[in-house]
2 protein chains.
Amino acid sequence: MGGRLTRQRASVLRVLTACQDFVSAQELHVRLVTADIPVGLSTVYRALRDLERAGRVDVVRDEAGERLYRPRPADGHRHYLICRRCGRSRPLDSDVVERWAERVGAESGYSAVEHTVELSGICGRCTGLCA
Amino acid sequence: MGGRLTRQRASVLRVLTACQDFVSAQELHVRLVTADIPVGLSTVYRALRDLERAGRVDVVRDEAGERLYRPRPADGHRHYLICRRCGRSRPLDSDVVERWAERVGAESGYSAVEHTVELSGICGRCTGLCA
DNA sequence: ACTCGTAATGGGATCCATTTTCATATAGCC
DNA sequence: GGCTATATGAAAATGGATCCCATTACGAGT
C-alpha cells in the first residue's frame with residue numbers, strides 16, 4: 001500500500017510521531033533539516049499526503065487555513081481539542097458525534113456522508129500565563 | 001459596527017443572499033460582474049470578512065481549502081450538510097453536537113472553546129445522476 | 001551481489017486564493 | 001457645498017501547496 005520505503009519517508013513519519021502534536025508540513029520540514037536529516041520540502045508534502053490517504057495521520061486546518069498533521073492514535077481517534085495559543089491537542093471521545101453524524105446521514109438521503117469535528121480553546125496552561 | 005453602507009457592500013450581501021448556498025469569494029465576484037454590478041475583487045473579500053466578523057455569514061472550507069460563504073439563517077443555525085458534487089447545502093439541527101461541545105469544553109479545563117462541525121456527502125439528486 | 005525498471009527525490013517554477021498597498025473616490029456629517 | 005475618515009480597486013505581494021523534470025536509489029528478479 002505504502003510504496004517504497006525510503007530514508008526520507010521513514011524520517012518524516014519518525015519525526016512527526018516524535019512531535020506528539022499537530023505540525024504543519026513546513027514546520028516538520030524545518031525540524032527534519034535542523035536534525036540534520038536532509039529532506040526536500042516537496043518530499044515532506046508528498047509523504048504527508050500519502051500518510052493521509054493511508055489513514056495514518058489526522059489533518060486539521062488552523063485559522064490561517066494551513067494544514068496541520070498528527071499521527072492517528074492506535075485507537076482510531078480522529079477528533080481533537082486543540083489549544084489556539086500553544087497548539088497542544090488532546091484526542092476526544094466523540095462517540096456522541098459519531099452516532100449523530102451517522103443518523104443525520106441516514107435520514108438525509110445523502111450518501112457517502114463524511115464529517116469533520118474540531119474543537120479549539122485556550123488550554124489551562126496558556127490561560128494561566130495570561131492571567 | 002458595520003461601517004459605511006456603500007453600493008458595493010449592499011450588492012455583495014444582496015447577491016450572496018440570492019445564492020441560497022455556499023459560494024466562494026471569486027464565484028461571488030463573477031456573479032456580481034456578470035450582473036453588471038462592477039465591484040473589485042478585494043472589495044468582495046473585505047465585505048465578506050466584515051460580514052463574517054459580524055456573524056452574518058457562515059464559512060466552510062471545501063476540499064481544496066477555499067473558503068465558502070453563506071448567509072446565516074435567521075434561526076442562527078451554523079452547521080450544514082453539503083453535497084460534495086453540486087455544493088447544495090442544508091442547515092442541520094445540531095443541538096446534540098452543541099451540547100456535547102459545551103460539555104467537553106467544560107470538562108477539559110480549556111476556556112473559550114469553539115467548535116466546527118461539517119458534514120458532507122452526495123445528495124439524492126447527484127446520486128441519481130451517477131447511477 | 002548485480003542489473004534494471006520504476007518509483008521517489010528535490011529544488012525551482014508555478015499555481016492560486018487571499019491580503020496588502022496606495023492613490024483615488026465617496027459616504028455621511030457639519 | 002465642503003471636509004475627512006473610510007471605502008474602493010487595480011496591481012503587486014504573500015504564502016501554502018503542487019507540479020515539473022532531470023537525477024537518484026529502492027528492491028524484485030536473476
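Here is a short exchange on how two DNA strands and one sheet are described in this predicted model.

User: What makes A:Thr43 a polar contact of DNA strand C?
Analyst: A polar side-chain atom of A:Thr43 lies 2.7 Å from a phosphate oxygen of DNA strand C. The cut-off is 3.5 Å for N or O atoms, so the pair counts.

User: Which atom of DNA strand C does the side chain of A:Arg46 approach?
Analyst: A base nitrogen, at 2.5 Å from a polar side-chain atom of A:Arg46. A:Ser42 also reaches a base nitrogen of DNA strand C, with a side-chain N or O atom at 2.9 Å. Helix H1 (7–19) and helix H3 (41–53) of chain A, with helix H3 (41–53) of chain B, each give two or more residues to the surface near DNA strand C.

User: What share of the atoms of DNA strand C within 4 Å of the protein is sugar and phosphate?
Analyst: That share is 60%. The strand is surrounded by 20 residues, with A:Arg4, A:Thr6, A:Thr43, A:Arg46 and B:Tyr45 the closest. They divide into four nonpolar, eight polar and eight charged.

User: How do you know that A:Ser42 makes a polar contact with DNA strand D?
Analyst: An N or O atom in the side chain of A:Ser42 is 3.4 Å from a base nitrogen of DNA strand D. The limit is 3.5 Å, so the pair qualifies. B:Ser42 has such a pair with a base nitrogen of DNA strand D at 3.3 Å. B:Gln8 instead meets a sugar or linking oxygen, at 3.0 Å.

User: Which elements supply at least two residues each to the surface near DNA strand D?
Analyst: H3 of chain A, plus helix H1 (7–19) and H3 of chain B.

User: Why is S5 of each chain called an edge strand?
Analyst: The order is S5(A)-S4(A)-S6(A)-S6(B)-S4(B)-S5(B), in an open sheet. S5 (89–91) of chain A and S5 (89–91) of chain B each have a single partner strand, so one side of each lacks a neighbour in the sheet.

User: What makes S4 and S6 of chain B a pair?
Analyst: Strand S4 (residues 80–83) and strand S6 (residues 111–122) of chain B share four bridges, in the parallel sense. Pairing takes at least two bridges, so they pair. B:Ile82 stands opposite B:Ser120 in S6(B).

User: Which strands does helix H4 of chain A touch?
Analyst: Helix H4 (residues 95–108) of chain A touches S6 (111–122) of chain A and S4, S5 and S6 of chain B. Its direction makes about 145° with that of S6(A). Helix H4 (residues 95–108) of chain B lies across S4 (80–83), S5 and S6 of chain A together with S6 of chain B.

Key:
Residues are numbered from 1 along each chain as its sequence is written. Chains are lettered from A and ligands numbered from 1 in the order in which they are written. This is a predicted model: local features need pLDDT of at least 70, side-chain atom pairs count only at pLDDT 80 or more; totals for chains, interfaces and linings use all residues. Side-chain values use heavy atoms; hydrogens and water are left out. A residue is near a molecule or strand if one of its heavy atoms lies within 4 Å of it. A polar contact is a pair of N or O atoms within 3.5 Å; within protein, one must be able to donate a hydrogen and the other to accept it, and residues adjacent in sequence count only if both atoms are side-chain atoms. Ala, Val, Leu, Ile, Met, Phe, Trp, Tyr, Cys and Pro count as nonpolar, Asp, Glu, Lys and Arg as charged, and the others, Gly among them, as polar. Contact means heavy atoms within 4.5 Å. Axes are lines fitted to C-alpha atoms, for helices over the stretch in contact, and angles run from 0 to 180 degrees between N-to-C directions.
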